[in-house]
Amino acid sequence: LSNGKRFWVSILAFNERKTTMQLQDLSTPAALIERQRMTRNIERMQQRMNQFGVTFRPHVKTTKCIEIAKAQIDAGAQGITVSTLKEAEQFFAAGMTDILYAVGMVAPKLKQAAALINNGCKLKIIADNADSAKAIVAFSQANQTPFEVWIEIDTDDHRSGVNPESDELLTIGRYLQQGNVTLGGVMTHAGSSYGLHTPEALMALAEQERRLCVLAATRLRAAKLSCKNVSVGSTPTALSAQALAGVTEVRAGVYVLFDLVMTNVGVCTTDDIALSVLTTVIGHQKEKGWAIVDAGWMAMSRDRGTQNQAHDYGYGQVCDSNGKLLNYHMSGANQEHGIISHVSPTCTADISAEMPVGTLLRILPNHACATGAQFPEYHVVESTDEGSPALGPTWPRFYGW
């Protein structure tokens, strides 16, 4: 094993040791993952992809956690998707070699990408414009580095990607067949699915995502350009697609933990959300009906993704320490303080009696990726026959680019 692999094996072995700690022993705020829910989410997605007969390549940016990525691979995933080259480096050091870096490549990052490839990583990079394609080819020729490049396709006007019906698509494709560069396929992400909330709309977008990405591949092939892979995906479209003809693989990320945005979209319920933030009541503003907790936006993140959805959860949905939903949400947040209030502004209940100082609460997040990013580690919660949660191992997560 390389030094990097030995490091991660040692860390994971240490953190998988059994612990006798309970929730009340944790310093708050702390990120909790319910293993049973996470496992159920992983199995649900993988079984769906197996039924379609396509490869599933999970997006591991949601958790940035080696143990969770291994659970996804053990369930049947093939390869991973990352959003930073730091993620690629960390997961490659842990033994995962088939990696798609799903952010448009620019010249200053090619040296970092090349180092991974030269060390044996089967890294795929993406481009959606001719300038990026030219830079990749130039670096490859100057440094004798082989790159496999996929073209990002815009299938929903959400963010990045080239129009699948444009001449630019073929121009980019021709650039990426020069020298030591291989055009490996096309990929897309229908991120606008996060703004939908009906099964019909989600199914329609999933079909649009599939159809336009397959169209791009068909046009490249008709122009005598190689296009082996057709990769689509977002959590909502992956769970809503009714057909995947012409698709070779699907990608999704937040499904592994889910969150309140996905609940509003309609692809999960709060019972599927595996991530929560453990926090402690530290005071009250009785006349305002507030409890103050030690988890502010530094713990929950500033993501207010549910604000424009049907149900606004504030900064998160409040649960008791066992995970039971309460009629409270985190209605406000400062850096290290959260404000807990009743979902009904006319409620006159004495919150200080219901939640005395020292009470442990759990907050379900708006956006699992953003909330997870606030913590260096996850504390695993195991289900018990008695119904009360038990702490399992601690899993590290990492940061950076």
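**View 1. Surroundings of Asp128 in the predicted model.** When its neighbours within four places in sequence are left aside, Asp128 is in contact with Glu152, Ser160, Gly161, Val162, Glu168 and Ile172. The residue belongs to the loop between strand E5 (122-127) and helix H6 (130-143). Two polar partners can be picked out around its side chain, which makes a polar contact with the side chain of Asn129 at 2.9 Å and reaches the backbone nitrogen of Gly161 at 2.8 Å. Although Asp128 is buried, it has no salt bridge, and the nearest side chain of opposite charge, that of Arg159, is 8.6 Å away.

**View 2. The open sheet of eight strands and its edges.** The strands follow the order E2-E9-E8-E7-E6-E5-E4-E3, and their pairing is parallel. Strand E2 (55-56) and strand E3 (80-82) form the edges, each of them pairing on one side only. At the E2 edge, two bridges connect E2 with E9 in a parallel arrangement, and Thr55 stands opposite Glu249 in E9.

**View 3. Strand E8 between its neighbours E7 and E9.** In a regular strand the side chains alternate between the two faces of the sheet. In strand E8 (residues 229-232), Asn229 and Ser231 point one way while Val230 and Val232 point the other way, and all of these residues are buried. Towards strand E7 (residues 181-188), E8 is held in parallel pairing by three bridges, with Met187 standing opposite Ser231. Between these two strands the chain passes from E7 through helix H8 (residues 199-222) to E8, and this β-α-β crossover is right-handed. Towards strand E9 (residues 249-250), E8 runs parallel and is joined by two bridges, and here Ser231 stands opposite Glu249.

**View 4. Strand E16 with its partners E1 and E17.** Strand E16 (residues 377-382) is mostly covered, five of its six residues being buried. Strand E1 (residues 30-34) pairs with E16 in the parallel sense over three bridges, whereas E16 pairs with strand E17 (residues 390-396) in the antiparallel sense over five bridges. Val381 of E16 appears in both pairings, as the bridge partner of Glu34 and, towards E17, as a residue whose bridge partner is Leu391. Strands of a sheet pair through backbone hydrogen bonds, and the pairing may be either parallel or antiparallel.

Definitions and conventions
Residues numbered from 1 in each chain as written. Predicted model: local features only at pLDDT ≥ 70, side-chain atom pairs only at ≥ 80, totals over all residues. Heavy atoms only, no water. Buried < 20%, exposed > 50% of the residue type's maximum accessible area, 1.4 Å probe, protein only. Helix = DSSP H or I, 4+ residues; strand = E, 2+ residues; numbered from the N terminus. Pairing = 2+ DSSP bridges. Right-handed = clockwise from strand over helix to strand, strands pointing away. Lys, Arg positive; Asp, Glu negative; His and termini not counted. Salt bridge = Lys/Arg side-chain N within 4 Å of Asp/Glu carboxyl O. Polar contact = N/O pair within 3.5 Å; in protein donor to acceptor, adjacent residues only side chain to side chain. Contact = heavy atoms within 4.5 Å.
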